[in-house]
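Please look over the structure shown below before reading on. The report that follows takes up its nonpolar cores, one sheet and one buried charged residue.

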2 protein chains.
Amino acid sequence: MVERLVVVGGDAGGMAAATQARRGRPDLEIVALEKGRWTSYSACGIPFLIGGDVAGLDDLVARDPQTFRDRCNIDVRTGHEVTAIDLDARKVEVRDHNHDRTFSLGFDLLHLGTGAVPFRPDLPGIGGEQVHGVQNLEDAARLLESLAAADVRHVVVVGAGYIGLEMAEAFVRRGCAAVTVVERGGEVMGTLDPDMGSLVADAMRRFGIVVRTGVAVEGFEPGVVHTSDGDLPADLVVLGLGVVANTGLAVDAGIETGARGAIAVDTRQRTSAPGVWAAGDCCLSHHLVSRRAVHLPLGTVANKQGRVAGINMGGGYATFPGVVGTAVTKICSTEVARTGLSEKEAAGAGLEWEAVRITSTTRAGYFPGAGKITVKMLAERGSGRLLGAQVVGDEGAAKRIDVVATALTAGMTVAEVIDLDLSYAPPFSPVWDPILIAARTAAKAVDQ
Amino acid sequence: MVERLVVVGGDAGGMAAATQARRGRPDLEIVALEKGRWTSYSACGIPFLIGGDVAGLDDLVARDPQTFRDRCNIDVRTGHEVTAIDLDARKVEVRDHNHDRTFSLGFDLLHLGTGAVPFRPDLPGIGGEQVHGVQNLEDAARLLESLAAADVRHVVVVGAGYIGLEMAEAFVRRGCAAVTVVERGGEVMGTLDPDMGSLVADAMRRFGIVVRTGVAVEGFEPGVVHTSDGDLPADLVVLGLGVVANTGLAVDAGIETGARGAIAVDTRQRTSAPGVWAAGDCCLSHHLVSRRAVHLPLGTVANKQGRVAGINMGGGYATFPGVVGTAVTKICSTEVARTGLSEKEAAGAGLEWEAVRITSTTRAGYFPGAGKITVKMLAERGSGRLLGAQVVGDEGAAKRIDVVATALTAGMTVAEVIDLDLSYAPPFSPVWDPILIAARTAAKAVDQ
């Protein structure tokens with residue numbers, strides 16, 4: 001009898017898994033159930049769609065359902081929502097929104113790619129139609145409709161993480177007159193240390209965005225956001241408070257979860273339930289520096305985990321060793337990147353460290369277009385082990401974080417980083433790349 | 001009695017050593033002898049000076065002699081050429097060109113930073129004043145004078161390495177009517193494999209440069225270059241045939257040299273002679289992939305070796321583990337980078353490998369400004385060890401080579417590279433960075 005793999009969720013983690021499983025097992029029946037209209041899309045591209053850099057929703061779709069059907073023989077069904085998993089009976093309950101019917105579908109293998117949903121705090125008025133999340137293409141479509149339907153002048157973004165700041169910039173680019181970011185914490189971009197976050201806040205203010213830190217949102221009404229520091233006019237509100245793993249289905253089925261409620265997986269992406277796999281924003285990753293399970297809902301991680309799950313489901317052998325917490329963004333022409341542990345995270349992991357910060361240039365100082373770059377680097381006391389870095393700077397600054405991510409994966413000390421044979425030519429770098437300058441300073445700080 | 005360190009050569013390798021030695025030993029007398037007019041300059045910037053990106057010669061000087069005197073208490077003497085080393089008597093013979101006199105100077109410690117000189121084949125007419133090398137600021141000054149003095153329409157560049165190609169572009173930017181590159185080998189940019197070099201040649205031709213490969217230069221006369229394929233008009237000729245280590249002094253003194261005549265050093269930058277150190281273009285480096293001594297005359301290597309020599313001469317302890325052969329350049333708006341072993345070098349090292357080549361985009365495919373990038377990657381058969389990579393592409397392509405350089409240093413397999421947590425956001429990368437795509441393809445090629 002033909003075995004069936006059921007994939008729940010048609011975005012990166014699910015479809016990468018489905019595709020790889022198909023390669024390993026041409027015989028497998030693969031059904032992918034996606035409750036929305038789109039598969040395999042770039043949610044990371046939504047701010048650029050709103051800001052006008054990207055022309056249309058379809059540009060953000062990497063592969064549409066028909067392509068998966070034609071090229072990979074994957075039975076993709078959009079508008080199909082899985083509402084329950086029965087592990088004993090090996091079947092899922094499916095709601096077909098297209099035909100308003102419910103049916104059961106048996107599985108031999110099950111893959112969970114249920115993703116994450118925007119965190120919506122229980123505040124008065126949060127259900128208002130002017131309050132938008134930004135997590136999937138349905139959200140993006142609704143935002144575009146709102147922007148087209150009314151004259152949106154005042155926008156309030158709640159939360160100053162990556163998506164919040166990217167959206168704030170997008171609304172300015174789109175021509176909204178007044179864009180305000182409200183953040184409860186002391187500085188924007190909480191995944192950076194505050195001294196680096198403040199450089200991002202400066203860039204936003206130069207761009208014309210009002211940044212209000214240390215301010216809590218208390219409720220919403222049409223046209224207004226109530227905060228701990230008074231009311232703000234708001235034709236439109238965007239929630240950028242981060243996401244939470246969408247694991248209700250898994251929890252109800254008795255599948256084990258861990259930190260932040262995300263699904264626990266082993267290095268082969270197996271869940272606690274036999275024959276059930278998971279990948280992407282719904283599950284945890286192993287952090288190679290802190291050596292703890294973390295929830296890092298990022299497209300890169302989802303793709304890698306999905307690939308590993310799919311190889312394994314297809315009868316192969318693959319492991320996902322883990323993450324180092326790399327992220328990058330561009331906010332108001334300022335490039336921002338981070339990897340490894342911030343000071344707060346290093347403290348949380350019980351480590352002792354020295355942190356240094358240097359400024360340099362993105363190209364040789366004398367070369368046209370040389371911009372500023374600030375690099376912060378953390379090294380463990382005693383061992384000198386590289387723990388993490390943060391970069392804020394002009395064009396060409398951010399992608400340098402990848403060197404640090406690679407060195408972290410290799411477990412290098414900052415002294416070893418100094419010796420890295422990084423590329424140099426005047427259009428690309430000073431003769432000592434800024435990453436190497438930071439490593440030299442960090443090595444001194446830990447007496448290496 | 002005060003000990004004296006004599007540094008021969010005032011560019012990167014020498015002055016980095018002098019500066020570090022000063023930090024370690026405030027008591028040391030340090031005399032740096034430079035035969036030219038400038039110290040610590042960026043020879044790599046000369047093409048950009050000729051091309052007009054950089055305004056003047058002085059912009060290329062990182063630190064002038066007076067700064068070294070004032071800040072580091074280093075007695076820098078320009079116009080001073082060391083003409084002999086007497087290891088037994090612990091002294092050097094110095095020609096002071098400023099005052100046309102010769103004197104002896106004793107040393108306790110000696111550092112050799114004599115650099116490299118352009119290779120000048122023994123061809124008829126090579127000594128003509130229209131034939132220029134491009135190695136130091138004296139060469140640059142002479143080139144600028146020639147360009148100012150006459151209407152230079154036809155330029156012939158002999159040799160299609162980094163400096164040759166950068167200079168060819170510079171002459172076009174400067175408005176020279178006809179620029180021809182003549183290369184004896186089958187393709188430009190011999191440090192790349194020919195399939196990647198041809199992408200660079202294409203970019204040059206689109207830029208209006210005539211590229212003549214497989215053509216040997218046979219001699220020079222004013223106004224003409226004789227080649228194996230006929231005569232070429234040439235108001236000005238630039239030699240881009242690479243450099244040779246400038247080690248006459250060291251050889252005469254009986255100091256050991258190795259491959260390509262460069263000075264042999266240990267990991268602490270000590271030469272075979274007690275108390276004599278060397279760094280930079282005059283000496284060898286250990287290649288971490290081929291595990292052989294190689295001559296890599298690059299500013300980055302010179303700075304790192306100089307730093308290590310200086311720490312050691314200053315009483316500290318430092319080692320220079322080696323290089324992986326990283327280089328980068330920008331030719332006619334095309335970015336070019338390489339690290340590790342090319343196919344030719346892998347063969348030379350007796351290895352067996354698989355090579356793959358992929359194309360991708362520098363940003364998310366849908367993002368404005370997404371350019372093309374081609375990545376070639378080599379992996380060792382059996383082990384799957386990463387051996388090297390080459391990158392040719394549009395803006396944002398080249399610096400990705402640093403991830404490969406770091407992974408090579410860590411001794412990673414291509415399968416391990418796949419898992420690297422590289423940064424992703426639409427303005428910077430597709431969700432699978434091109435380096436990771438290449439690693440996936442390479443891993444398949446070696447059955448990992």
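## Cores, a sheet and a buried aspartate

In this predicted model, the largest nonpolar core holds 50 residues, and those with the most contacts inside it are A:Leu165, A:Phe171, A:Met189, A:Val200 and A:Met204. Several elements of chain A each supply at least two residues of this core, among them those in the table.

| Element of chain A | Residues |
|---|---|
| Helix H4 | 137-149 |
| Helix H5 | 162-174 |
| Helix H6 | 194-206 |
| Strand E11 | 178-183 |

The largest share of this core, 6 residues, comes from H5(A). Apart from its neighbours within four places in sequence, A:Met204 is in contact with A:Leu165, A:Ala168, A:Val181, A:Ile209, A:Val211, A:Ile331 and A:Cys332. A second, separate core has 47 residues, including B:Ala140, B:Val152, B:Val179 and B:Leu236.

Chain A also has an open sheet of 5 strands, which run in the order E9-E16-E10-E11-E12 with parallel pairing. Its edge strands, E9 (131-132) and E12 (210-213), each pair on one side only. E9(A) pairs with E16(A) in the parallel sense over 2 bridges, and A:His132 stands opposite A:Val238 in E16(A).

A:Asp421 lies in the loop between helix H11 (414-418) and helix H12 (434-445) of chain A. Which side chain of opposite charge is nearest to A:Asp421? That side chain is B:Lys304, 4.6 Å away, and A:Asp421 is buried yet has no salt bridge. The side chain of A:Asp421 does, however, reach the backbone nitrogen of B:Val324 at 2.8 Å. Leaving aside neighbours within four places in sequence, A:Asp421 is in contact with residues including B:Thr300, B:Val323, B:Gly325 and B:Ala405.

Notes:
Residues are numbered from 1 along each chain as its sequence is written. Chains are lettered from A and ligands numbered from 1 in the order in which they are written. This is a predicted model: local features need pLDDT of at least 70, side-chain atom pairs count only at pLDDT 80 or more; totals for chains, interfaces and linings use all residues. Side-chain values use heavy atoms; hydrogens and water are left out. Helices (H or I, at least four residues) and strands (E, at least two) are DSSP runs, numbered from the N terminus. Buried means under 20% relative accessible area, exposed over 50%, partly exposed in between (1.4 Å probe, protein chains only). Lys and Arg count as positive and Asp and Glu as negative; His and the chain ends are not counted. A salt bridge is a side-chain nitrogen of Lys or Arg within 4 Å of a carboxyl oxygen of Asp or Glu. A polar contact is a pair of N or O atoms within 3.5 Å; within protein, one must be able to donate a hydrogen and the other to accept it, and residues adjacent in sequence count only if both atoms are side-chain atoms. Contact means heavy atoms within 4.5 Å. A nonpolar core is a set of buried Ala, Val, Leu, Ile, Met, Phe, Trp, Tyr and Cys residues joined through side-chain atoms within 4.5 Å. Two strands pair if DSSP finds at least two bridges between them.
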